[in-house]
Amino acid sequence: MRAARLIKMVLLLQSRPSMTAAELARELEVSERTITRDALALSEAGVPVYADRGRAGGYRLIGGYRTRLTGLARSEAEALFLSGVPGALRQMGLDDAASAARLKVSAALLPSLRDAPSSAAQRFHLDAPGWYQEPRTPELLPVLAEAVWDDRTVSVRYRRGTRAARRDVERELEPYGLVLKAGVWYLCARAGTSFRVYRVDRFTAVTPGEERFSRDEGFDLPAFWEERAAEFARSILRAEAVVRLTEAGARRLPYVTDRAAALEALAAAGPPDAEGRVTVTLPVESDEVAYAQLLPLGPEAEVLGPRSLRALFADAAARLARLYG
């Protein structure tokens, strides 16, 4: 415990010209008296910690005691501090490790690059969850994250099915990677000989095993996720809607429904009719989902088919006419 604190104290002093005892005590969450003792211990161990006396005094390192990453350009140093999502690191239980890593990098940078962390933080912030969602941390996420880091097999119990027909299944998994998509965590794992994707919030039990698995070096997590995400998006679009769109409706269509499907439908549409409207055949998940997605287009979209979906819009139009007529 004390050894880790002494190392952190040295790193703090490397990253700044000097720090007061109060500042060090606040950063290390100890008393100023402990800081005095730690400074003495470092000095006795050969670390050149110097104490400046007086009201404006503090602690600093002398004699150029530092390690420098001289090969980093400013843009590279700033990019280092954009490489993670702070909220995601907290949820995985890695915020302390990330903080220590940032501190070590800051301490090792050349003086001319010392402002890289604050420079990046003041200009960019990564906010992963979607709008109108209260982000929730899955209870078992830290356990899975640790297993991913250790390449350790896990025995899991996973909730499958709809709310009306829900059941738990048990699996032995090799956890390869975690993905945060729009505030939802997913585990990419090998089950038997195939790779699969699991929602982390549907795990009801996770038990790390004693054995470590041999990771397939050819596995590419970003490429795997991109492929599976595209497959999933295509798989749920099992129905079609025929929609007549104004120019404004055509512009807005990719923003209210599946973007790739909308762009393909617009590209395949024929020329505009006499009123300047185009008719598209749009892949959709179901009548209910299509209704929720297309309704915000209002009068910029007319649903021509199927008849069941058109009936939903006709009913909505009638109710709106009664409200505003």
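Arg215 is partly exposed in this predicted model, with a relative accessible area of 27%. That value falls in between the limits of under 20% for buried and over 50% for exposed, which is why the residue is classed as partly exposed. Arg215 forms a salt bridge with Asp151, and their closest N and O atoms are 3.0 Å apart. The pair links distant parts of the chain, 64 residues apart. Asp151 sits in the loop between helix H8 (141–150) and strand S3 (152–160), while Arg215 sits in the loop between strand S7 (203–212) and helix H9 (221–235).

**Salt bridges**

Side chains of opposite charge can pair when their charged atoms come close. The structure has 14 salt bridges. Three of the pairs are set out below.

| Pair | N to O distance | Separation in sequence |
|---|---|---|
| Asp38 and Arg5 | 2.7 Å | 33 residues |
| Arg190 and Glu174 | 2.8 Å | 16 residues |
| Asp151 and Arg215 | 3.0 Å | 64 residues |

The side chains of Asp38 and Arg5 meet in a salt bridge. This pair links helix H3 (residues 32–44), which holds Asp38, to helix H1 (residues 2–15), which holds Arg5. Asp38 is buried at 1% relative accessibility, and Arg5 also counts as buried, at 17%. Both residues are classed this way because buried means under 20% relative accessible area.

The salt bridge between Arg190 and Glu174 connects two strands: Arg190 is in strand S5 (residues 184–191) and Glu174 is in strand S4 (residues 167–181). Arg190 has 18% relative accessibility and counts as buried. Elsewhere, salt bridges with shared partners join Arg244, Asp273, Glu275, Arg277, Glu302 and Arg310 into one network.

**Arg202 and its contacts**

Arg202 lies in the loop between strand S6 (194–199) and S7. Its relative accessibility is 34%, so Arg202 counts as partly exposed. Leaving aside residues up to four places away in sequence, Arg202 touches Arg157, Tyr158 and Arg159. Arg202 and Arg160 are 42 residues apart in sequence, and their C-alpha atoms are 7.6 Å apart in space.

**A nonpolar patch**

Which residues form a nonpolar patch on the surface? They are Leu320, Leu323 and Tyr324, with about 410 Å² of accessible area together. Leu320 lies in helix H13 (residues 307–324). Leu320 is partly exposed, with a relative accessible area of 43%. Patches are made of residues with over 30% relative accessible area and no salt bridge, so the value of 43% for Leu320 is over that cut-off.

Definitions and conventions. Residues are numbered from 1 along each chain as its sequence is written. This is a predicted model: local features need pLDDT of at least 70, side-chain atom pairs count only at pLDDT 80 or more; totals for chains, interfaces and linings use all residues. Side-chain values use heavy atoms; hydrogens and water are left out. Patches are made of residues with over 30% relative accessible area and no salt bridge: like charges are joined within 9 Å, nonpolar side chains (Val, Leu, Ile, Met, Phe, Trp, Tyr) within 5 Å. Accessible areas come from the Shrake-Rupley method with a 1.4 Å probe; for residues, only the protein chains shown count as cover. A salt bridge is a side-chain nitrogen of Lys or Arg within 4 Å of a carboxyl oxygen of Asp or Glu. Helices (H or I, at least four residues) and strands (E, at least two) are DSSP runs, numbered from the N terminus. Buried means under 20% relative accessible area, exposed over 50%, partly exposed in between (1.4 Å probe, protein chains only). Contact means heavy atoms within 4.5 Å.
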